[in-house]
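Let's look at this structure together and ask what stands behind the words used to describe it. Each answer sets a value against its cut-off.

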Amino acid sequence: MSSTDLLILKAFEPYFEILEAYSTKAKNYVNGYCTKYEPWQLIAWSVLWTLLVVWVYGFIFQPESLWSRFKKKFFKLVRKMPFLGHKIQSKCTKIKEDLGKHLQYLKVDKDYVKALPAQGLSTTAVLERLKEYSATDGVWQEGKASGAVYSGEEKLAELLVQAYGTFVWSNPLHPDIFPGLRKLEAEIVRIACSLFNGGPDSCGCVTSGGTESILMACKAYRDLALEKGIKTPEIVAPVSAHAAFDKAANYFGMRMVRVPLNKMMEVDVRAMRRAISRNTAMLVCSAPQFPHGVIDPIPEVAKLAVKYRIPFHVDACLGGFLIVFMEKAGYPLEKPFDFRVQGVTSISADTHKYGYAPKGSSVVLYSDKKYRNYQFFISTDWPGGIYASPSIAGSRPGGIIAACWAALMHFGENGYVEATKQIIKTARFLRSELENIKGIFIFGDPQVSVISLGSHDFDIYRLSNLMTAKGWTLNQLQFPPSIHICITLVHTRKRVAIQFLKDVRESVTQIMKNCKAKVTGMGAIYGMSQAIVDRNLVAEISSVFLDSLYSTDAVTQGSQMNGSPKPR
């Protein structure tokens, strides 16, 4: 020991002596106090207190926060109160009835088929019946739907149908039987890794959509966290990150830690740093996020990921196959977003959006195979043999994989660059015009294909209602109230953007004549849901929508309300 260390120890000697004296007094006091108890009593009290501490710890530190559980319990008790509970339930029932009446898709001209036909129909008859069903799906073809259909080009559809038909009976669960399909899937993953600048160790999987891609990344990082000894892994994500992360937390027993946004609707990096704890299993950013089309500050968050050695997922499900081509399309982004950024360990991107593959196709990519290994599920002791699958599904439709590959080959780099150029050009044009319309504003700095609108002068859901009356289907958002349009290739068609602007201007002008008028119809229901403190009540009301998807009962349509569309 050096002379400097000896001098430091000598300086602290008086303090050590004081500490020793106090500790001796405390020990003697405890020993003296315990002399009046028998040994079995001391043991019993020790066991009881240990069990109590363990219970309290388990009660407080759960995937769902204590405050959230308290609110649920409180509102559950309130709803059981005789008078108040009855009043709440009556109001809830009325809202659900109103909601059911205004779901336009429930109106059908013909009876539902509720049983198999006694005799099978001919090919011609089946196809004719299918045409009757598809004839009701006309809004998107006019370019009046936000997102939903990203190409709609007939020749591409014919190619995808033929590609699907070629592999209609195939299943990637059996690579020994369908080796060609295995090759197609491996090539899709490698192409995607290349587009996102993955290195030689980058890898991934094809999934059924963005939600599954996100679920798989969360599952991988959960298992990695559990291996590290983290008992309750946490997902630290912006409030704007996709709800699929909440679903992953719910499915996999993780805890969701939501981080607020700044004024530009980007995640607050300082708040994200404060949200990181010893239980953090992964960090999340979006490129771009769904509500406002804003790209989070990925390089800044990546520095946190590197500093604290936490996996970092970039969700590019919505615009992944736009942002990788924007630089070559003449619209370079300000900051990098892919595997070039040190700290980014995984990326999700939907090939069935701006990759123009059919629905049911996405990819989840990893910077290294060590992460993907945690995604896999392997059962070694099943009597049916060793069962291993890369993602949630076992059997998967080989036709979707083939059609996805066909879309990638058909467009090629030049095709994707040109499509990106058209979409971003249209989005920038719409943004520049919408910014000049008095009464509305654009959230943040959307650089890709989503433009979110709000208003300081009137209820923005009134604009949504009036646009719906003009045939448009826009996305209604909340916290804060807003609506958005997601621009696709369909909107780049002649005069679609011009018509959208014309309808927005006319609608805003009409609303500004009476800014304080209350919104009614579906807009009112959506707006009211934000004011309900009991979010379980909102979930109960929302279940009406999910139930209605499988309804085969005739529904009486509601009346036209504040710009809602007339029943057709």
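A residue counts as exposed when its relative accessible area is over 50%, and as buried when that area is under 20%. One thing to keep in mind is that this is a predicted model.

Q: Why is arginine 309 called exposed?
A: Its relative accessibility is 74%, and the cut-off for exposed is over 50%, so arginine 309 counts as exposed. You will find arginine 309 in the loop between H11 and strand E5 (312-315).

Q: What makes the phi of arginine 309 worth a look?
A: Phi of arginine 309 is near 55 degrees, which is a positive value in a residue other than glycine. Tyrosine 356 also has a positive phi, near 65 degrees, and is likewise not a glycine.

Q: Is tyrosine 356 buried or exposed, and how do you know?
A: The relative accessible area of tyrosine 356 is 3%. Buried means under 20%, so tyrosine 356 is buried. Its place is in the loop between strand E6 (346-349) and strand E7 (362-366).

Q: Where does tyrosine 356 turn up again, in connection with the largest nonpolar core?
A: Tyr356 is one of the residues with the most contacts inside that core, which has 98 residues; the others listed are Phe312, Leu434, Ile440 and Leu463. The largest share of this core, 16 residues, is supplied by H14. Apart from it lies another core of 29 residues, including Ala217 and Tyr366.

Q: Which residues does phenylalanine 312 touch, not counting those up to four places away in sequence?
A: Among them are Leu283, Val284, Cys285, Ile298, Val301 and Gly343.

Q: Why are H7 and H14 called oblique to each other?
A: The axes of helix H7 (residues 179-195) and helix H14 (residues 398-434) cross at roughly 50 degrees and come within 9 Å. Roughly parallel needs an angle under 35 degrees, and roughly perpendicular runs from 65 to 115. The crossing angle fits neither class, so H7 and H14 are oblique. Their crossing is left-handed.

Q: What makes up the contact of H7 with H14?
A: Its residues divide into 10 nonpolar, one polar and two charged. On the H7 side they include Leu181, Glu185 and Ile188, and on the H14 side they include Ile401, Trp405 and Leu408.

Q: How do you know that glutamate 185 is buried?
A: Glutamate 185 has a relative accessible area of 13%, and the cut-off for buried is under 20%, so glutamate 185 is buried. Glutamate 185 lies in helix H7. Leaving aside neighbours within four places in sequence, glutamate 185 is in contact with Pro172, Val206, Arg396 and Ile401.

Q: Why are H14 and H16 called roughly parallel?
A: H14 and helix H16 (residues 496-512) pack at an angle of about 20 degrees, with axes 11 Å apart. Angles under 35 degrees count as roughly parallel, so that is the class for H14 and H16. H14 passes H16 in a right-handed crossing. Among the residues in contact are Phe429 and Leu434 of H14, with Phe500 and Leu501 of H16.

Q: Where are the cis peptide bonds before proline 288 and proline 480?
A: The bond from alanine 287 to proline 288 is cis, with omega near -5 degrees, and proline 288 sits in the loop between strand E4 (280-286) and helix H11 (298-308). Phenylalanine 479 and proline 480 are also joined by a cis bond, with omega about 5 degrees. Proline 480 is in the loop between strand E12 (475-477) and strand E13 (482-486).

Technical notes:
Residues numbered from 1 in each chain as written. Predicted model: local features only at pLDDT ≥ 70, side-chain atom pairs only at ≥ 80, totals over all residues. Heavy atoms only, no water. Axes fitted to C-alpha atoms, helices over the stretch in contact; angles between N-to-C directions. Helix = DSSP H or I, 4+ residues; strand = E, 2+ residues; numbered from the N terminus. Parallel < 35°, antiparallel > 145°, perpendicular 65-115°, else oblique. Left-handed = near helix turned anticlockwise from the far one by under 90°. Contact = heavy atoms within 4.5 Å. Nonpolar A, V, L, I, M, F, W, Y, C, P; charged D, E, K, R; others polar. Core = buried A, V, L, I, M, F, W, Y, C linked by side-chain atoms within 4.5 Å. Buried < 20%, exposed > 50% of the residue type's maximum accessible area, 1.4 Å probe, protein only.
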